[in-house]
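I opened the notebook today to look up the aromatic rings and what lies around them. My entries follow in the order in which I checked things.

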Amino acid sequence: MTTDFNLNELVRDNVKAMKPYSSARDEFKAIDGAQVFLDANENPFENGLNRYPDPQQGQLKAALSKLKNIAVEHILLGNGSDEVLDLIFRAFCEPNKDNIISVPPTYGMYGVLANLNAIENREIPLDPDFELDLDNISRATSTHTKLIFICAPNNPTANTFAPNAIENLLKTFNGIVVIDEAYIDFSKHKSWTSRLEDFPNLIVTQTLSKAYGMAGIRLGICYASAEIIAILNKIKPPYNINELTQQKALERLSHPEKVTEEIQKILKQRTWLISKLKQNTIIETVYPSDANFVLAKVDDANKRYDQLITQGIVVRNRSNQPGCENCLRFTVGTQFENIKLVKALEDIAVI
Ligand SMILES: *Cc1c(COP(=O)(O)O)cnc(C)c1O
């Protein structure tokens, strides 16, 4: 366990001092007994959405709690994981004073949010195998380093870092380790949510945007100690998860077997796509994938990207990311889509 972890010392002073906005729905909680709601200046004519949504998303959190086997007080929901990540910055990082560590090539939002919040982003590149460089991370850490962002499986490299290396960070870093598990449902590794009891400095984020097929509703999930969740809860916008999102998420979570079935199909397609990409002459390296996308090094990424566009196929050009020279990222689609991609790549290879 981390020896000197002190959550109270990490929280910004203004966050510690502030009182949260108290909404009408917060002040009156015994909703079951009440019949007449004249407290929130809502339009009284029922249309299914005329009332403010539950600010604590009780039903949705209960469903998630059951599905993931994690108590409700360890869960916070956000308008996408992007909002959750922003709340984490705002709770712990003092503008123009604190810093964070990120490990490129990785998800771009950590750097964007650091800039937005006037926080220095200390970038420690992954090693050539796309693994964590623990020595340099440790060297870059100062007393003002509040957060380390680890994306596992990592976007865009598609690998999951060695669990021992992540555990090492959790054990030695006195700030908070944020593990972004947007792609965990495609991974052979198990979620770090099972280690929340072991590490008071652990935050895990997940999302309904990828495996759950609900990118359009914007629902991000944060799992952490009850103490961390209470801090984030205090600063979140009161009604950050709208009613339609809560309803649609509940619907989706009530059929986990459908999600599992789709994940299995995607994983099967991933295997097929990787085998085909490996046979293509314009592709030099196909990196192993623990996610629903595949990173591949091609002969000329800009040229191949443009050629795919002319065939109506949009992929992600990651070639300007450190360590990803000439790399394209392919999301695993349906069988039909993947066949089209493979055919297009075969066509452009012989032009
Ligand atoms: C797609 C993605 C997310 C999802 O963000 P949402 O705001 O929940 O849609 C988060 N982290 C990573 C690394 C991603 O690639």
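Which residue lies over the face of Phe 293? I worked from a predicted model, and in it I found Arg 329 over the face of that ring, at 5.6 Å from the ring centre of Phe 293.

I then looked up the ring partner of Phe 293 and noted Tyr 183, with which Phe 293 forms an edge-to-face aromatic pair, at 4.9 Å centre to centre and with 75° between the planes. Because Tyr 183 lies in the loop between strand S5 (176-180) and strand S6 (202-207), while Phe 293 belongs to strand S9 (residues 293-298), I recorded that the pair ties together parts 110 residues apart in sequence. I checked accessibility for the two residues and entered both Tyr 183 and Phe 293 as buried.

Going back to the full tally, I noted six aromatic pairs in the structure. One of them joins Tyr 52 and Tyr 239, and I wrote it down as stacked, with 4.4 Å centre to centre and 20° between the planes. This pair also links distant parts of the chain, since I located Tyr 52 in the loop between helix H3 (24-27) and helix H4 (58-68), and Tyr 239 in the loop between helix H9 (226-235) and helix H10 (243-253), 187 residues apart.

Are these two tyrosines buried or exposed? I entered Tyr 52 as partly exposed because its relative accessibility is 41%, and Tyr 239 likewise as partly exposed because its value is 23%.

As a last entry, I noted a cluster in which ring pairs link Phe 89, Tyr 107, Tyr 110 and Phe 149.

Note on methods:
Residues numbered from 1 in each chain as written. Predicted model: local features only at pLDDT ≥ 70, side-chain atom pairs only at ≥ 80, totals over all residues. Heavy atoms only, no water. Phe/Tyr/Trp six-rings, centres within 6.5 Å; stacked < 30°, edge-to-face > 60°. Helix = DSSP H or I, 4+ residues; strand = E, 2+ residues; numbered from the N terminus. Buried < 20%, exposed > 50% of the residue type's maximum accessible area, 1.4 Å probe, protein only. Lys NZ or Arg CZ within 6 Å of the ring centre and 35° of its normal.
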